[in-house]
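I opened this notebook to log what I looked up in one structure. My entries follow in the order I made them.

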Amino acid sequence: MAEPGGPDPAVSELQRLVAAEQQRAQFTAQVHNFMDVCWDKCVDKPGSKLDSRTEGCLASCVERFIDTTLSITNRFAQIVQKGGH
Amino acid sequence: MQGGLGTAGSGGGARGRGSEGRTRAGPGPDALCSPQRMTDKCFRKCVGKPGSSLDNSEQKCIAMCMDRYMDAWNTVSRAYNSRLQRERANM
């Protein structure tokens with residue numbers, strides 16, 4: 001029951017659920033992106049299982065991709081700041 | 001990255017056979033792994049010069065490729081999740 005003058009808890013709960021679902025969708029979309037790049041980089045011919053070298057490559061690929069994104073984002077912000085455009 | 005480093009939802013993991021052969025709880029692989037992307041990747045890996053049909057080795061390769069794709073999906077999911085947790089811990 002909504003308290004007089006306060007936020008409706010049902011609405012807040014719904015907002016929380018929507019936000020959680022959006023985060024899940026964002027996570028999944030990001031994994032799709034990583035898979036697109038990292039599968040090509042790390043997997044040669046598909047075998048009967050993923051060997052540890054391939055697993056390591058996939059994990060590193062995710063980390064380095066994120067590092068690259070952060071590097072570019074930061075440097076780009078600096079460039080924009082200096083350029084004043 | 002869209003939206004920067006967000007938090008990982010609990011539904012981020014895919015169910016599938018990991019390399020260790022265990023099944024994981026969670027949504028089935030079909031829900032998350034796009035068959036479209038899987039087709040693209042596995043076609044490139046498994047089919048050489050396209051013939052008049054898919055031969056046995058190509059079909060076997062495609063089947064293995066699907067399994068490995070889902071394994072890779074799990075590995076990538078885990079790595080991303082770990083990184084997100086680490087970044088959040090540093091904030």
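**Entry: Arg64(A)**

I started with Arg64(A), which lies in helix H2 of chain A. The model is predicted, so I kept the pLDDT limits in mind: side-chain atom pairs count only at pLDDT 80 or more. Is Arg64(A) buried or exposed? Neither label fits, because its relative accessible area is 44%, and Arg64(A) is therefore partly exposed. Next I looked up its side-chain partner. A polar contact of 2.9 Å joins the side chain of Arg64(A) to that of Asp67(A).

**Entry: Asp67(A) and the other chain**

I followed Asp67(A) onward. Which residue of chain B meets the side chain of Asp67(A) in a salt bridge? I found Arg83(B), at 2.8 Å from N to O. Asp67(A) thus has a polar contact with Arg64(A) and a salt bridge with Arg83(B). I then took the totals. Between chain A and chain B I count five salt bridges. The polar contacts between the two chains come to 11 residue pairs, both residues at pLDDT 80 or more.

Which elements supply the chain A side? Helix H1 (9-42) and helix H2 (52-83) of chain A each give two or more residues to the side that touches chain B. H1(A) provides the largest share, 15 residues. I sorted that side of chain A by class as well: 14 residues are nonpolar, nine are polar and nine are charged.

**Entry: size of the interface**

How many residues does the contact take from each chain? I noted 32 residues from chain A and 36 residues from chain B. Chain A and chain B bury about 3,400 Å² between them. Carbon and sulfur atoms carry 63% of that area. In chain A, the residues that lose the most area to chain B are Phe27(A), His32(A) and Trp39(A). Together these three make up 21% of what the chain A side buries.

**Entry: aromatic pairs**

I turned to the rings. A pair of aromatic rings is described by the distance of the centres and the angle of the planes. Over all chains the count is four aromatic pairs. One of them is Phe34(A) with Phe65(A), edge-to-face, at 5.6 Å centre to centre and 80° between the planes. This pair links distant parts of the chain: Phe34(A) sits in helix H1 of chain A, Phe65(A) in helix H2 of chain A, 31 residues apart.

I checked how accessible the two partners are. Phe34(A) is buried, because its relative accessible area is 1%, under the 20% limit. Phe65(A) is at 30%, so I logged Phe65(A) as partly exposed.

Phe34(A) has a second edge-to-face partner, Tyr80(B), at 5.1 Å centre to centre and 70° between the planes. Why does this pair join two chains? Phe34(A) lies in helix H1 of chain A and Tyr80(B) in helix H3 (residues 56-90) of chain B, so the pair spans both chains. Both Phe34(A) and Tyr80(B) are buried. I also looked for a wider grouping. Phe27(A), Phe34(A), Phe65(A) and Tyr80(B) form one aromatic cluster. Phe27(A) was already on my list for area lost to chain B.

**Entry: chain B as a whole**

Last, I looked over chain B. It has three helices and zero strands. The order from the N terminus is α-α-α. Of its 91 residues, 37% count as buried. I also checked contacts in chain B between residues at least 6 apart in sequence: 53% of them join residues at least 24 apart.

Definitions and conventions
Residues are numbered from 1 along each chain as its sequence is written. Chains are lettered from A and ligands numbered from 1 in the order in which they are written. Side-chain values use heavy atoms; hydrogens and water are left out. Contact means heavy atoms within 4.5 Å. Buried area is the accessible area (1.4 Å probe) that two parts lose on being put together, summed over both. A salt bridge is a side-chain nitrogen of Lys or Arg within 4 Å of a carboxyl oxygen of Asp or Glu. A polar contact is a pair of N or O atoms within 3.5 Å; within protein, one must be able to donate a hydrogen and the other to accept it, and residues adjacent in sequence count only if both atoms are side-chain atoms. Helices (H or I, at least four residues) and strands (E, at least two) are DSSP runs, numbered from the N terminus. Ala, Val, Leu, Ile, Met, Phe, Trp, Tyr, Cys and Pro count as nonpolar, Asp, Glu, Lys and Arg as charged, and the others, Gly among them, as polar. Rings of Phe, Tyr and Trp (its six-membered ring) pair if their centres lie within 6.5 Å; planes under 30 degrees apart count as stacked, over 60 as edge-to-face and the rest as tilted. Buried means under 20% relative accessible area, exposed over 50%, partly exposed in between (1.4 Å probe, protein chains only).
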